Each structure stands twice: as C-alpha cells, then as structure tokens.
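This report describes the surface, the helices and a few selected residues of the protein shown below. The text is best read with the structure open.

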Amino acid sequence: MGLGGCIILIAVGAILTFATDWDMQGANLDLVGVIFMIVGLIGVATFSSIARRRRVVVPPATPVVDDTTRTRTRDGYSDGYGV
C-alpha cells in the first residue's frame, strides 16, 4: 500500500467517525473509522521510514591521484616560485 492508499484510509476513517450518524446493527462505524485512521497513520509512518532509508546519499568515491604519471618539469613557473 502506498502513501496514497494510507491517506485514503485516514480520510475514510475520519468520514466514518466524524461525518456520519448512521447506525448499523452489528458494527460500530465510529470504531471502524478510528481503526481505519490508525491503520492509515501506521502506513504513513512505515512508508516514510522506508522512503527515508532509500534516500540515503552516498558520497562519490574520491579519485585516486597517481603522482608517478605526472611529469615534473622545472621551468621556473610550475612550482609557483619562479626559480
């Protein structure tokens, strides 16, 4: 169940709990609505924790500089001192 499904569960639960005054024999709609809202909140919490784990940013590996391949010339300007 995705984030949208969890939000729909919360909305349906709130509607059943707060916006209806139906009386069904054998079922308490207020309790069913509260259960829907709790399940929706648990789903949102689970979804957000899973999404947070997926978004871990791994820094790129630093490139290894091999100094042996660079040619060193002593032209007087390459080392920055002009000597």
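About 7200 Å² of the protein is exposed, and 64% of that area is supplied by carbon and sulfur atoms. The model is a predicted one. Of its 83 residues, 14% count as buried.

The protein has two helices and zero strands. Of the contacts between residues at least 6 apart in sequence, 48% join residues at least 24 apart. One pair distant in sequence is Val 39 and Cys 6: 33 residues separate them along the chain, while their C-alpha atoms lie 7.7 Å apart.

Helix H1 covers residues 3-19. Its 17 residues should span 24 Å at 1.5 Å a residue, and the end C-alpha atoms are 23 Å apart, so the two values agree.

Which residues of H1 are buried? They are Cys 6, Gly 13, Leu 16 and Thr 17. These residues lie on the same side of H1, because they cover an arc of only 95° around the axis. In general, an α-helix has 3.6 residues a turn, so residues three or four places apart point the same way. The face of H1 turned away from the buried side carries Ile 8, Phe 18 and Ala 19, which are exposed.

Two residues, one in each helix, fall between buried and exposed. Ile 7 is in H1, and Val 39 is in helix H2, which runs over residues 29-54. Both are partly exposed because their relative accessible areas lie between the 20% and 50% cut-offs.

| Residue | Relative accessible area | Class |
|---|---|---|
| Ile 7 | 49% | partly exposed |
| Val 39 | 38% | partly exposed |

Ile 7 also belongs to a nonpolar surface patch, which it makes together with Leu 3 and Phe 47. The area of this patch is about 240 Å².

Methods:
Residues numbered from 1 in each chain as written. Predicted model: local features only at pLDDT ≥ 70, side-chain atom pairs only at ≥ 80, totals over all residues. Heavy atoms only, no water. Patch = residues over 30% accessible without salt bridge, like charges linked within 9 Å, V, L, I, M, F, W, Y side chains within 5 Å. Areas by Shrake-Rupley, 256 points an atom, 1.4 Å probe, with all protein chains shown as cover. Salt bridge = Lys/Arg side-chain N within 4 Å of Asp/Glu carboxyl O. Helix = DSSP H or I, 4+ residues; strand = E, 2+ residues; numbered from the N terminus. Buried < 20%, exposed > 50% of the residue type's maximum accessible area, 1.4 Å probe, protein only. Expected span 1.5 Å × (residues − 1). Arc of directions from axis to C-beta. Contact = heavy atoms within 4.5 Å.
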